[in-house]
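Reader: Hi! I've got this model open, and I'd like a close look at one part of it. Could you walk me through how that part is put together and then show me some of what lies elsewhere?

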Amino acid sequence: MSKLPAALAHLPFPVIGSPLFIISTPKLVIAQCIAGVVGSMPALNARPAEQLEEWLIEITETLAAYNAAHPDAPAAPFAINQIVHKSNDRLDHDMAMCVKFKVPIIITSLGAREDINEAAHSYGGVVLHDVINNKHAHKAIEKGADGLIAVAAGAGGHAGLKSPFALIQEIRQWFDGPLALSGSIATGDAVLAAQAMGADFAYIGSAFIATDEARAAEAYKQSIVDSDSDDIVYSNLFTGVHGNYLAPSIRNAGMDPTNLPESDPSKMNFGGDKTKAWKDIWGCGQGIGAIHEVQSTADFVAQLKRQYADAKERIA
């Protein structure tokens with residue numbers, strides 16, 4: 001068994017909802033936590049920056065009230081994602097807000113910084129860092145991250161190319177701390193499979209886009225329902241970092257998804273004009289073939305739990 005910090009040791013269900021750029025807001029985060037999975041959102045989704053404090057007040061007060069009313073079945077904790085990249089000029093402000101509200105879990109992406117980890121640790125917070133290979137995993141832990149999110153092939157948005165089998169087994173050879181697996185997970189069977197491989201948690205993103213609480217265009221949600229893995233395109237054109245996107249959205253933007261140019265990684269940016277790109281070009285993972293309807297977050301998580309229990313029974 002992994003050594004899990006208190007914030008992650010007693011989750012109602014072993015799933016972390018991944019932070020969805022633009023799409024995750026307090027409405028989705030709260031629904032995820034109440035359903036029993038870790039809810040998360042990028043700090044950058046709060047625009048202007050001052051809105052982040054308002055959102056953190058809403059999340060913490062709503063979950064506190066829920067837990068007071070349901071002491072025997074409290075909500076799961078929530079997480080805030082910080083983009084640790086030089087183009088994010090809000091990082092210090094946003095991290096200060098996380099410290100102020102003692103955000104239980106910080107998810108760091110695109111760079112590992114010791115000072116960010118230390119800030120989270122100052123109030124007992126847990127830091128999970130997402131990685132696409134074993135080399136990056138070592139660096140993240142060396143710089144003080146508590147756990148890792150292994151972003152394998154098929155994950156939505158920014159994703160790597162490693163097989164989940166290869167990535168998990170390499171990390172588990174030296175790391176016994178919290179480990180989540182990301183990449184094409186959209187069913188309870190896949191959650192159990194992730195645990196069987198050595199992960200503690202499944203990290204699910206794209207499936208939550210097709211929920212009532214997600215701040216995504218209805219056409220985006222329906223495209224997920226209508227599409228499968230053949231409709232996913234891997235490209236670095238839109239942000240400078242390779243990621244997976246829905247081909248229909250690329251065609252709607254007037255481009256050929258089968259013939260996209262390469263971008264210059266040195267021009268990577270996660271604000272300004274790139275925000276518009278994420279509104280028009282829809283990030284999505286390969287697991288969407290299992291998504292057949294838009295439903296509430298509560299219903300989707302309940303479905304995951306039934307599938308998980310059935311899968312355990314089948315292999316018992």
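Reader: Which is it for H2 and H3: roughly parallel or roughly antiparallel to each other?

Author: Sure! Before we start, this is a predicted model, so local features need pLDDT of at least 70 and side-chain atom pairs count only at pLDDT 80 or more, while totals for chains, interfaces and linings use all residues. Residues are numbered from 1 along each chain as its sequence is written, and side-chain values use heavy atoms, with hydrogens and water left out.

Now the helix pair. Helix H2 covers residues 26-35 and helix H3 covers residues 51-69. (Helices are DSSP runs of H or I with at least four residues, strands are E runs with at least two, and both are numbered from the N terminus.) Two packed helices are described by the angle between their axes and the distance between the axes. Here, the axes of H2 and H3 come within 10 Å and cross at roughly 25 degrees. An axis is a line fitted to C-alpha atoms, for helices over the stretch in contact, and the angle between N-to-C directions runs from 0 to 180 degrees. So there's your answer: H2 and H3 are roughly parallel to each other. The label covers angles under 35 degrees; over 145 is roughly antiparallel, 65 to 115 roughly perpendicular, and the rest oblique.

The crossing of H2 and H3 is right-handed, meaning that the near helix is turned clockwise from the far one by less than a right angle (anticlockwise would be left-handed). On the H2 side, the contact is made by Pro26, Val29, Ile30, Cys33 and Ile34. H3 brings Trp55, Glu58, Ile59, Thr62, Leu63 and Tyr66. Contact here means heavy atoms within 4.5 Å. Look at the spacing of those numbers with this in mind: an α-helix has 3.6 residues a turn, so residues three or four places apart point the same way. Sorted by class, this contact has nine nonpolar residues, one polar and one charged. (Ala, Val, Leu, Ile, Met, Phe, Trp, Tyr, Cys and Pro count as nonpolar, Asp, Glu, Lys and Arg as charged, and the others, Gly among them, as polar.)

H3 also has helix H4 (residues 91-100) as a packing partner, at an angle of about 25 degrees and with the axes 10 Å apart. That makes H3 and H4 roughly parallel too, and H3 passes H4 in a right-handed crossing. Leu52, Glu53 and Leu56 of H3 meet Asp94, Met97, Cys98 and Lys100 of H4. By class, the H3 and H4 contact has four nonpolar, no polar and three charged residues.

Next, the backbone around these helices. Most residues other than glycine have a negative phi, and most peptide bonds are trans. Check out the loop between strand S2 (39-42) and H3, where Pro48 is found: a cis peptide bond joins Arg47 and Pro48, with omega about 5 degrees. Then go to the loop between H4 and strand S4 (105-109), which holds Lys102. Lys102 isn't a glycine, but its phi is positive, near 50 degrees. At 53% relative accessibility, Lys102 counts as exposed. (Exposed means over 50% relative accessible area, buried under 20% and partly exposed in between, using a 1.4 Å probe and protein chains only.) Leu110 sits in the loop between S4 and helix H5 (114-121), and its phi is positive as well, near 55 degrees. With a relative accessible area of 28%, Leu110 is partly exposed.

For some buried residues, try Leu8 in helix H1 (residues 6-9). Leu8 counts as buried at 1% relative accessibility, and it touches Ile105, Val126, Leu128, Pro178 and Phe201, leaving aside residues up to four places away in sequence. Leu8 and Val126 are 118 residues apart in sequence, yet their C-alpha atoms are 8.7 Å apart. Val131, in strand S5 (residues 126-131), is buried at 1% relative accessibility. With residues up to four places away set aside, the partners Val131 touches include His136, Leu148, Val151 and Ile171.
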